[in-house]
Amino acid sequence: MSEHRRKPPQQQGGGRAAARRAAQQRPGRGSTPGRDAPTATPSGPYADQSAPGGRAGARNGARGPGAGRGVGQGPGRKSKRFINYPRSDKDGWKRFLPSWKLVGGTTLGFFAVITAGTGIGIAMVGTPDANKAAKAQNNVFYWADGSQMVATGSSINRQIVPIDRIPRSMRNAVISAENESFDSDKGVDPMGIARAVVNMAKGGSTQGGSTITQQYVKNTFLDSDQTLKRKVTELFISIKLGVTAEKDTILAGYLNTAYYGRDAYGIQAASRAYFDKDSDQLTPSEGAFLASVLKGPNLYNPDGGIGSAATPEANTKRAMSRWSWVLDREVAVGRMDQAERDKYREFPKLVDSAQARSLGGQTGYLVETAKQYVMKTKGITAEQMALGGYKITTTFQKPKVDALVKAVEDTRNDFLDEKARPEYDTFVQFGAASVDVNTGAVVAIYGGPGWDKKHFTNNANTIGVPVGSTWKPFVLAAALEYGTQNSKGKGLSVDSKYNGNDLTVINNREGKPLRSADGTPFKQKNESTTPYGYVTLNEAMEKSINSPFAQLVFDVGHDKVRGVAKASGILEDSMDPADNASFALGTSTPSAIRMADAYATFAASGTHHEPFSVTEVLKNGEKVSGFEQPKAQRAMDNSIADNVTKVLTNVIQNGTGTKAKKLGRPAAGKTGTTDQNKSAWFVGYTPQLSTAVTLFRNDPNSADKKLMSMNKVGGVDSIHGGDIPAVIWTEYMKAALNGTASKDFPEAEDIGVTADAAGAPTPTPTPSPSPSPSPSPSPSPSPSPTPSPTPSQGGKPTCKPWNLYCDPSNPTDGPTPSPTPSKTPKPGRPGGSIWGPTGADTG
């Protein structure tokens, strides 16, 4: 075959298929602009030299410069994505800058979702019905043995009244005080909602809704849990209610479901509870009072509430101030004329509480003590507690409560005669508490004559009455544990000597005299002017001499004494914060419950049990957690506690507490009497039971509740802790321990070093010598084991040889013969007292 008839070599990517592809292209596609594509055959020398890849290659070639990104992602070309983010038509950081369309669309979408969700939420919730709101139930309280003590609550249940039976003045008072814009708002308070959100973000309470509508919605819930779900639900209901219900319906619903205190839910029940009249008979002044109580019955009910801040006097002061403010507020917002306001200057008179009448005797105090414990333990509000449904088993033992009441009332009847001595024997108050040493259970209290006698303050569980010399054991315990600057870091021995003379100059820790207000050295007064000289701490406690403990508290340190007292069970807020000499003599004001519990720590060899009054709680039949017996804690070494007990045993055997010897079993205790005879205490214990008894005088209905002197009360010149309180303690303990085997206290081991105060006739410090070369680390208090008639005094005689007037059988007598003795055999001892300028204590 001739050369010119041979087939030319095939180009890669060419052939007939390539020719067909080239022929099928539209004009201008893959060719030079303005020309048609050539139609040469595959065998021609001008065959198309296209790049491999066919159409894709042609398209890539047509893009020109800038090719290389994915489809549709080059600058200037819009994305076909529904949301163009990151933006495909931008380079660099601009790709992440959202367009205004994206921002606007997202915002509109967000509000659309919120609107739709709100609409659905509002449509799904119902509106409240006052007739179906939660009803108050009984709370049932039980004695420790499981028998029923009392059922409280629901005696004045919710009673629904229409708006026309609620006076216009009452409505005006509530609107003025709680929601001025009620007539015009839509049921919600945006600022209140914002507060709730902020509080929730901070981890605090979500409360914040403040409109009457929101409060009405809140009142219809069966519980008061402050959760986000509940707040959102309340919000939806409030919005729906605000746009669908009449304002009178909402206001009537709120007033018919609100809690006013005194177990009263609803305006009609409240009118009956406070004024014994129907709601439509309320005066503008009475309506302003009920509007005031709505701010918080626990703090505005003049009867008092739960907690140390809710005393009857504090609540009354708050209620009167709020009542006046509500009336003034009505004038300010145009709902009352000034002329009418001027008619109401006297606080409305309240009727006696029906609840108080039903909880007479000690029952009211027992119930209130248990309620406070439950509410504190579980964080339950007074309103929740008033709704009822609780079954509460207490630690109170009825036989012991009855025994304590009998001991107090018998002594009161024998001792006081208000008709014969009205200027002295009126307003005398008694309080007492008894605690199980081994558990901390409060088994009995005496709070006063009873709620039915208009005495609402629980004298067993109130602070404000100085404890006097019953505080000295805490000073002694701190000295035994920490020592003084003279003991070089070692604990002190009870045989250490301090100056017991009257008018002893007290030095600070630097050894410099304290200064009185006039700049002269401060001199501590004792009750007696007896020149005791340097006495052991044991003897100082026995005779309740003030000056040794006034100096000891500075040598040990006030903070160390506070630490020991706190570990024993005394609350910090009841301690005197002053670092002066009087602190050692009992200017602190713990309750009787706390004093009995703290002394129980000594009885339990240094083991503290937190006092408790409830063992089991059921809510609507379900057991509530958190009411297990508190765990025991070590407050001090057992040797320290046992030595304090040994010293306090001597107080009963040989000292100011000898009246308690009639108990007839091992017992330890301390007397206490305060400046100007304003209070007297006896706190004592056996190995099984610790009891505190207090006696003081004040007018429970006075505004300031100031303590009054008990001089001349009962026909005697002065009252001491070793008199009336000790008699009550002894009579109660006899009955309470009847049938219980007598038990001895643990043997107290010798501890500490003898480190006398500055100026003592013996060198300081001097470790107590031991009678043998035994390497035992515990020094003996004396080189001779021969006992003395009063061995607890370190071998010193009861009376000094120069004290001509000292009676060894009654070492509390001073050198001055007592005035005319009492003509009656009633408890109490005659004799005057000399009072120190800063609260001398007579013990």
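**Figure 1. Overview of the predicted model.** Of the protein's 843 residues, 50% count as buried. The structure shown is a predicted model. Its secondary structure comes to 25 helices and 16 strands. The protein exposes about 40300 Å², and carbon and sulfur atoms supply 53% of that area. Among contacts between residues at least 6 apart in sequence, 69% join residues at least 24 apart.

**Figure 2. An open sheet of 5 strands with mixed pairing, in the order β2-β1-β3-β11-β12.** Strands β2 and β12 (622-623) stand at the edges with a single partner strand each, so one side of each has no neighbour in the sheet. Helix α15 (residues 363-378) packs on this sheet and touches β1, β2, β3 (390-394) and β11. The direction of α15 makes about 75° with that of β2. At the β12 edge, strand β11 (residues 614-619) runs antiparallel to β12 and is joined to it by 2 bridges. Here Lys-619 stands opposite Glu-622 of β12.

**Figure 3. The hairpin of β1 and β2.** Strand β1 covers residues 139-142 and strand β2 covers residues 148-152. The two strands pair in the antiparallel sense over 4 bridges. Tyr-142 has Gln-148 of β2 opposite it. There are 5 residues between the strands, and Gly-146 in the turn has a positive phi of about 95°.

**Figure 4. An open sheet of 5 strands with antiparallel pairing, in the order β5-β4-β16-β15-β14.** The edge strands, β5 and β14 (668-673), each pair on one side only. From one strand to the next the twist averages 5°. Strand β15 (residues 679-685) pairs with β16 in the antiparallel sense over 7 bridges. In that pairing, Gly-684 has Thr-691 of β16 as its bridge partner.

**Figure 5. Strand β4 and its pairing with β16 and β5.** Strand β4 (residues 428-436) is mostly covered, with 8 of its 9 residues buried. β4 pairs with strand β16 (residues 689-697) in the antiparallel sense over 9 bridges. One pair of bridge partners is Val-435 and, in β16, Ser-690. Strand β5 (residues 442-446) also runs antiparallel to β4, and 4 bridges join them. Ser-434 has its bridge partner in β5, at Ala-444. β4 and β5 form a hairpin with 5 residues between the strands, where Gly-440 takes a positive phi near 90°. In general, strands of a sheet pair through backbone hydrogen bonds, either parallel or antiparallel.

**Figure 6. The packing of helices α19 and α23.** Helix α19 (residues 472-482) and helix α23 (residues 592-603) pack at an angle of about 35°. Their axes are 11 Å apart, and the crossing of α19 and α23 is left-handed. From α19, Pro-473, Phe-474 and Ala-477 make the contact. From α23, the contact is made by Met-595, Ala-598, Tyr-599 and Phe-602. By class, the contact has 7 nonpolar residues, with no polar and no charged ones.

**Figure 7. The buried helix α8.** Helix α8 (residues 247-257) has 9 of its 11 residues buried, so the helix is largely enclosed by the rest of the structure. The buried residues of α8 are Lys-247, Ile-250, Leu-251, Ala-252, Gly-253, Tyr-254, Leu-255, Asn-256 and Thr-257. Lys-247 is thus listed among buried residues of the helix, as are Asn-256 and Thr-257.

**Figure 8. Positive phi at Lys-488 and Ser-544.** Most residues other than glycine have a negative phi. Lys-488 has a positive phi near 55°. Lys-488 lies in the loop between α19 and β6 (497-499), and at 65% relative accessibility it counts as exposed. Ser-544, which is not a glycine, has a positive phi of about 55°. Ser-544 is placed in the loop between α20 (537-542) and α21 (546-556). Ser-544 is buried, with a relative accessible area of 5%. The Lys-488 site is therefore an exposed one, since 65% is over the 50% cut-off, whereas 5% puts Ser-544 under the 20% cut-off for buried residues.

Definitions and conventions. Residues numbered from 1 in each chain as written. Predicted model: local features only at pLDDT ≥ 70, side-chain atom pairs only at ≥ 80, totals over all residues. Heavy atoms only, no water. Pairing = 2+ DSSP bridges. Contact = heavy atoms within 4.5 Å. Axes fitted to C-alpha atoms, helices over the stretch in contact; angles between N-to-C directions. Buried < 20%, exposed > 50% of the residue type's maximum accessible area, 1.4 Å probe, protein only. Areas by Shrake-Rupley, 256 points an atom, 1.4 Å probe, with all protein chains shown as cover. Left-handed = near helix turned anticlockwise from the far one by under 90°. Nonpolar A, V, L, I, M, F, W, Y, C, P; charged D, E, K, R; others polar.
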